[in-house]
Amino acid sequence: MSGFVLHPSALTDLDEIWNFIAADNLTAADRVLEELFEVMSSLASFPRMGHSRQELTSRPLLFHPVHSLVLVYAPDEIPLQIIAVLDGRRSPRLLAALLRERD
């Protein structure tokens, strides 16, 4: 068991991220996903590594950056639930809207 599960929308996020990067470089796309999964495993072991973003959600979620991406997860869930993998460069208003859709 991996210690974390992916929300169906987070799985879609990962597919979209891989496809976007793979359009230019397959090796880089694989490397980014590998790094994301390594970080998810670390978060499962140390779920408080992230930080809260109360301006984005009132839910008890934490955020952890990986390059320009942000992992959004529920630290109190067992196994840890990855809610979203989002582009951290997006506007806070858009990030908040995307998270509301994933309730």
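A residue counts as buried under 20% relative accessible area, as exposed over 50%, and as partly exposed in between. Keep that in mind as we explore this predicted model.

**Exercise 1.** Decide whether Asp30 is buried, partly exposed or exposed, and find which helix holds Asp30.

*Solution.*
Step 1: Locate the residue. Asp30 belongs to helix α2, which covers residues 26-45.
Step 2: Look at the area. Asp30 has a relative accessible area of 45%, so Asp30 is partly exposed.
Step 3: Check the surroundings. Together with Glu34, Glu35 and Glu38, Asp30 forms a patch of negative charge on the surface.

**Exercise 2.** Work out how strand β4 pairs with β1 and with β3.

*Solution.*
Step 1: Take β1 (residues 4-6). This strand runs parallel to β4, and three bridges join them. Here Val5 has Gln81 as its bridge partner.
Step 2: Take β3 (residues 69-74). Its pairing with β4 is antiparallel, over six bridges, and Ala74 stands opposite Gln81.
Step 3: Follow the chain. Five residues make up the hairpin connection from β3 to β4.
Step 4: Ask about cover. In β4 (residues 80-87), six of the eight residues are buried.

**Exercise 3.** Explain why the salt bridge between Arg102 and Asp13 ties together distant parts of the sequence.

*Solution.*
Step 1: Find the contact. The closest N and O atoms of Arg102 and Asp13 are 2.6 Å apart.
Step 2: Place the partners. Asp13 sits in helix α1 (residues 8-22) and Arg102 in the segment after α3 (92-100), so the pair ties together parts 89 residues apart in sequence.
Step 3: Consider cover. Both Arg102 and Asp13 are buried.

Technical notes
Residues numbered from 1 in each chain as written. Predicted model: local features only at pLDDT ≥ 70, side-chain atom pairs only at ≥ 80, totals over all residues. Heavy atoms only, no water. Patch = residues over 30% accessible without salt bridge, like charges linked within 9 Å, V, L, I, M, F, W, Y side chains within 5 Å. Areas by Shrake-Rupley, 256 points an atom, 1.4 Å probe, with all protein chains shown as cover. Salt bridge = Lys/Arg side-chain N within 4 Å of Asp/Glu carboxyl O. Lys, Arg positive; Asp, Glu negative; His and termini not counted. Charge placed at Lys NZ, Arg CZ, Asp CG, Glu CD. Helix = DSSP H or I, 4+ residues; strand = E, 2+ residues; numbered from the N terminus. Buried < 20%, exposed > 50% of the residue type's maximum accessible area, 1.4 Å probe, protein only. Pairing = 2+ DSSP bridges.
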